[in-house]
Amino acid sequence: MRLTVLGATGATGEHVLRHAAAAGHKITAVVRAPSRPAFEHPNIEVVRADVTNPAELHEAIEGRDAVLSGIGPRNRKSPGIAAAATAAILTAMADTGVRRVVTISAAPVGPTPREDSVFVRGALIPMLRAALKAVYADLAAMEAELARSDADWTTMRPPKLTDGAGRGTYRTHIGGSVPRGSTIARADLAHAMLAVLGDPATYRRPVGIAY
């Protein structure tokens with residue numbers, strides 16, 4: 001497949017590049033100047049663009065089979081980028097006829113599974129939502145942008161992300177968060193993003209992922 005990867009210099013984006021290159025995909029990695037992905041491969045072409053500007057994304061997306069976005073707020077002090085970038089991506093996709101996109105959200109954006117413990121449902125998740133209110137508002141706005149679009153979108157909802165090595169095995173739940181799931185490695189999140197690309201059951205749905 002010919003893929004466009006945004007957020008390619010981020011912690012999860014680098015894993016997306018590695019998995020996609022290993023699978024033989026042709027990749028256009030979109031970065032902001034003067035950034036460059038730490039991972040290089042003959043199948044990766046690097047282009048520089050403002051991810052909130054549809055006109056600058058047009059060439060990077062045109063003719064591709066799918067878009068994968070690892071763009072999100074880096075911390076609670078810099079929210080807004082996920083929704084703004086996703087709006088631009090969707091505009092560029094509509095202009096170029098590309099339909100498939102996979103993004104990253106977060107488990108607390110959606111309902112907490114009833115199978116989770118009383119502590120998680122009554123204390124932990126409410127505390128996280130209060131502490132990271134702006135971050136989750138940005139991700140919720142991103143999901144709303146996707147829902148309003150005509151694209152074949154999937155947004156991944158992981159719990160706490162870790163930097164450990166990927167296990168290659170994990171649980172997913174189409175339509176909601178994974179019950180009693182507390183962590184997932186970025187490497188396995190990236191693996192799952194590629195795995196759902198060709199699965200119509202995940203179109204226009206959130207997908208929870210966790211160990």
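In this predicted model, helix H3 is built from 16 residues and spans 22 Å between its first and last C-alpha atoms, close to the 22 Å expected at 1.5 Å a residue. Just after H3 comes glycine 97, with a positive phi near 80°.

A good part of H3 is hidden from solvent. Its buried residues are Ile81, Ala82, Ala83, Ala85, Thr86, Ala88, Ile89, Leu90, Ala92, Met93 and Thr96. These residues pack against several elements, namely strand E1 (2-6), helix H2 (54-61), strand E4 (66-69), strand E5 and helix H5.

The partnership with H5 deserves a closer look. Two packed helices are described by the angle between their axes and the distance between the axes. For H3 (residues 81-96) and H5 (residues 133-148), the angle is about 15° and the axes lie 7 Å apart. Because angles under 35 degrees count as roughly parallel, H3 and H5 are roughly parallel to each other. The crossing of H3 past H5 is right-handed. On the H3 side, the contact is formed by Ile81, Ala82, Ala83, Thr86, Ala87 and Leu90, and these meet Asp138, Leu139, Ala141, Met142, Glu145 and Leu146 of H5. Sorted by class, this contact comprises nine nonpolar residues, one polar residue and two charged ones. Of the H3 residues in the contact, Ile81, Ala82, Ala83, Thr86 and Leu90 also appear among the buried residues of the helix.

Helix H5 also carries glutamate 143. With a relative accessibility of 14%, glutamate 143 counts as buried, because the cut-off for burial is under 20%. Leaving aside residues up to four places away in sequence, glutamate 143 is in contact with Ser105, Val109, Thr155 and Arg157.

Attention turns next to a loop. Between strand E5 (100-104) and helix H4 (118-131), the connecting loop contains proline 113. Proline 113 has a relative accessibility of 12% and therefore counts as buried too. Beyond residues up to four places away in sequence, proline 113 touches Arg121, Ser177, Val178 and Pro179. Proline 113 can also be placed relative to glycine 181: the two are separated by 68 residues in sequence, while their C-alpha atoms are 9.6 Å apart in space.

Methods: Residues numbered from 1 in each chain as written. Predicted model: local features only at pLDDT ≥ 70, side-chain atom pairs only at ≥ 80, totals over all residues. Heavy atoms only, no water. Axes fitted to C-alpha atoms, helices over the stretch in contact; angles between N-to-C directions. Helix = DSSP H or I, 4+ residues; strand = E, 2+ residues; numbered from the N terminus. Parallel < 35°, antiparallel > 145°, perpendicular 65-115°, else oblique. Left-handed = near helix turned anticlockwise from the far one by under 90°. Contact = heavy atoms within 4.5 Å. Nonpolar A, V, L, I, M, F, W, Y, C, P; charged D, E, K, R; others polar. Buried < 20%, exposed > 50% of the residue type's maximum accessible area, 1.4 Å probe, protein only. Expected span 1.5 Å × (residues − 1).
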